[in-house]
Structure formats: structure tokens, C-alpha cells
Amino acid sequence: MALESKKELEKNVVELVIAVPAEDFEKAIQKAYLKNKIDVPGFRRGKAPRKIIEKMYGPAVFYDDAIDALYPDAYEKAVEEAGIIPVDRANLEIISVDET
């Protein structure tokens, strides 16, 4: 996890841009795949190979679960690194997901 930028938008509102290393994101995607319960014809529920699932549903099929797994720790580290104290729940916006 790396805090890329911190920008104060207004009083008590701060924008943090957080980057997660590709290898950490890939590990989270793999964990999401292992927990999947997706039905694929010809396979038992949750037992289809990852490549087949990604071919059927697109490569981003596990992104939401991976982000949900990574977000709490990444956010906590970014807040600590930025030296801020949250007073409200954060609004999350995914800017991009790169495979590099």
C-alpha cells in the first residue's frame, strides 16, 4: 500500500489517493476466486477454473471482492501515513485498476 497523494478539499475533507501493489491485488483476486460460488455449466458450483470464469464474466469479475478485502488495511495505513484523524466514514471511489 502506498499513499500517492493527500489533498485538502475543504475544512475536514481530505482526498487520499492510495495505490496497492499489483502483487497484493493479485493475491486478493486469487483469494476471491478461491471463495467463489459461481455456477459454470459443466463444473460443480465454485469449482470452475479461474480462467474459464474470467473468460465468461470478464477479467474484473473478482475485482470487487479483492478491493473489499484490501480496502480496510490500505485505508488504515493511508490515514496513519497522512497523519489525519477521520471524523466520518470515508467515501470510496475506484479511479483505476491496472494489471501492472
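How many residues lie between β1 and β2 in the hairpin that they form? In this predicted model, the two strands are separated by two residues, and N12, which sits in the turn of the hairpin, has a positive phi of about 65 degrees. The description below begins with the protein chain as a whole, returns to the hairpin, and then considers individual residues.

The protein chain contains three helices and two strands, and when the chain is followed from the N terminus these elements appear in the order β-β-α-α-α. Its radius of gyration is 17 Å, whereas a value near 13 Å would be expected of a compact globule of 100 residues. Along the principal axes, the C-alpha atoms of the protein chain occupy a box of roughly 55 × 25 × 20 Å. Of the 100 residues in the protein chain, 26% are classed as buried. Among contacts in the protein chain with a separation of 6 or more, 44% are made by residues that stand 24 or more positions apart.

The surface of the protein chain can be described by its area and by its charges. About 7,800 Å² of the protein chain is exposed, and 50% of this area is contributed by carbon and sulfur atoms. The protein chain carries 15 positive and 20 negative side chains, and a distance of 9 Å separates the centres of the two sets.

Strand β1, which spans residues 2-10, and strand β2, which spans residues 13-19, run antiparallel and are joined by seven bridges. One of the pairings places K6 opposite L16, its bridge partner in β2. N12 is located in the loop between β1 and β2, and its phi, near 65 degrees, is a positive value in a residue other than glycine. With a relative accessibility of 63%, N12 counts as exposed because this value lies over the 50% cut-off.

Two residues of strand β2 can be examined in turn, beginning with E15, which lies in this strand. The relative accessible area of E15 is 34%, so the residue is partly exposed, falling between the limits of 20% and 50%. When neighbours within four places in sequence are left aside, E15 is in contact with S5, K6, K7 and L9. The C-alpha atoms of E15 and N91 are separated by 9.4 Å, although the two residues are 76 residues apart along the chain.

V17 also belongs to strand β2; its relative accessible area is 18%, which is under 20%, and V17 is therefore buried. Once residues up to four places away in sequence are excluded, the residues touched by V17 are A2, L3, E4, S5 and I95. By contrast, G58 stands 41 residues from V17 along the chain, and the C-alpha atoms of this pair are separated by 26 Å.

Outside the hairpin, E54 is found in helix α2, which covers residues 50-57. Is this glutamate buried or exposed? E54 counts as buried, because its relative accessibility of 14% is under the 20% cut-off. Not counting residues up to four places away in sequence, E54 touches P59, V61 and F62. The separation between the C-alpha atoms of E54 and K7 is 36 Å, the two residues being 47 residues apart along the chain.

Terms used. Residues are numbered from 1 along each chain as its sequence is written. This is a predicted model: local features need pLDDT of at least 70, side-chain atom pairs count only at pLDDT 80 or more; totals for chains, interfaces and linings use all residues. Side-chain values use heavy atoms; hydrogens and water are left out. Helices (H or I, at least four residues) and strands (E, at least two) are DSSP runs, numbered from the N terminus. The radius of gyration is taken over C-alpha atoms; the globule rule is 2.2 Å times the number of residues to the power 0.38. Buried means under 20% relative accessible area, exposed over 50%, partly exposed in between (1.4 Å probe, protein chains only). Contact means heavy atoms within 4.5 Å. Accessible areas come from the Shrake-Rupley method with a 1.4 Å probe; for residues, only the protein chains shown count as cover. Lys and Arg count as positive and Asp and Glu as negative; His and the chain ends are not counted. The place of a charge is taken as NZ of Lys, CZ of Arg, CG of Asp or CD of Glu. Two strands pair if DSSP finds at least two bridges between them.
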